[in-house]
Amino acid sequence: MTLRTRHWIVLTVLLMLLACSKVPPDATPEYVRLARIDEAQVWLGTLSHAAIALNGVNVGEPPKPLFSTENTRIVTDIVESTIKTLRKVPVSWKATVAAALSEIRTRLDAAGKAKFNNYLAAAEAAIGAL
Amino acid sequence: MNPLVIAAMNIAGPIILELIKRREANAQPAYKTYDELLADFMATGDKILAEIDLWRAAHPRPPLHDPGSSPE
């Protein structure tokens with residue numbers, strides 16, 4: 001991954017942290033939890049969006065997607081099921097999201113891991129801090 | 001331009017726009033009510049699921065291999 005690509009990722013992460021939703025001082029535990037889940041969901045969306053965008057870029061001869069369709073399917077499937085789970089069982093959201101990120105990391109092939117590692121690391125760090 | 005840079009710009013662009021939108025919304029003096037926050041949460045989720053569905057439509061799953069038949 002090039003230095004410029006890393007800069008884009010760092011910039012995106014910083015902007016996301018700046019954009020964290022404000023929680024009122026007298027917020028109920030349910031409100032705080034929903035705000036955190038909302039932020040975690042944005043990160044999940046970022047991962048699926050990144051996978052889809054990388055899959056849309058073809059490189060080499062013959063042209064091949066930068067991020068394979070199989071790897072993209074893994075990311076989108078896990079993100080989709082996680083979002084649906086968060087809607088049904090919001091109480092254990094942090095464990096649900098952590099398990100999803102771990103599953104993505106486990107199931108990607110070696111090339112996919114190499115290309116997606118920075119995105120996963122950023123998401124894990126941000127969600128860990130929520 | 002390096003394809004990775006193009007990919008990173010593709011990824012960062014919509015996210016930055018979304019974040020600016022959220023930041024502007026957060027800059028409003030009043031906090032969101034729980035119901036407003038819930039509506040935002042559902043809308044964001046729907047948007048992500050819609051993007052996934054759109055991608056899936058363009059990349060259908062390969063047919064499942066029938067275990068009883070030859071791989072050929």
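Chain A of this predicted model has a secondary structure of 5 helices and 2 strands. Along the sequence, these elements follow the order α-α-β-β-α-α-α. Of the 130 residues in chain A, 46% are buried. Taking contacts in chain A between residues at least 6 apart in sequence, 61% join residues that are at least 24 apart.

Helix 3 of chain A covers residues 69–88. With 20 residues at 1.5 Å each, helix 3 should span 28 Å, and its end C-alpha atoms are 28 Å apart, so the expected and modelled lengths agree. Many of its residues are buried, including A:Ile74, A:Val75, A:Ile78, A:Val79, A:Thr82, A:Ile83 and A:Leu86. An α-helix has 3.6 residues a turn, so residues three or four places apart point the same way. The buried residues of helix 3 also include polar and charged side chains, among them A:Asn71, A:Arg73 and A:Glu80. Their cover comes from both chains: it includes helix 2 (29–55), helix 4 (93–107) and helix 5 (110–128) of chain A, together with helix 2 (34–58) of chain B.

Helix 2 of chain A holds A:Leu34. This residue counts as buried because its relative accessibility is 5%, below the cut-off of 20%. The C-alpha atom of A:Leu34 is 9.4 Å from that of A:Trp93, a residue 59 places away along the chain. Apart from its neighbours within four places in sequence, A:Leu34 is in contact with B:Tyr34, B:Leu37, B:Leu38 and B:Phe41.

Those contacts lead to the interface between the chains. There, 49 residues of chain A are in contact with 40 residues of chain B. The two chains bury about 4,200 Å² between them, and 71% of this lies on carbon and sulfur atoms. B:Tyr31, B:Phe41 and B:Trp55 supply 17% of the area that chain B buries against chain A, more than any other three residues. B:Phe41 is also one of the residues in contact with A:Leu34.

The interface has polar links as well. Between chain B and chain A there are 4 salt bridges and 11 residue pairs in polar contact. One salt bridge joins A:Asp77 to B:Arg61, with the closest N and O atoms 2.9 Å apart. On the side of chain B that touches chain A, helix 1 (3–27) and helix 2 each supply at least two residues. The residues of that side divide into 24 nonpolar, 7 polar and 9 charged.

Definitions and conventions
Residues are numbered from 1 along each chain as its sequence is written. Chains are lettered from A and ligands numbered from 1 in the order in which they are written. This is a predicted model: local features need pLDDT of at least 70, side-chain atom pairs count only at pLDDT 80 or more; totals for chains, interfaces and linings use all residues. Side-chain values use heavy atoms; hydrogens and water are left out. Helices (H or I, at least four residues) and strands (E, at least two) are DSSP runs, numbered from the N terminus. The expected span of a helix is 1.5 Å times one less than its number of residues. Buried means under 20% relative accessible area, exposed over 50%, partly exposed in between (1.4 Å probe, protein chains only). Contact means heavy atoms within 4.5 Å. Buried area is the accessible area (1.4 Å probe) that two parts lose on being put together, summed over both. A salt bridge is a side-chain nitrogen of Lys or Arg within 4 Å of a carboxyl oxygen of Asp or Glu. A polar contact is a pair of N or O atoms within 3.5 Å; within protein, one must be able to donate a hydrogen and the other to accept it, and residues adjacent in sequence count only if both atoms are side-chain atoms.
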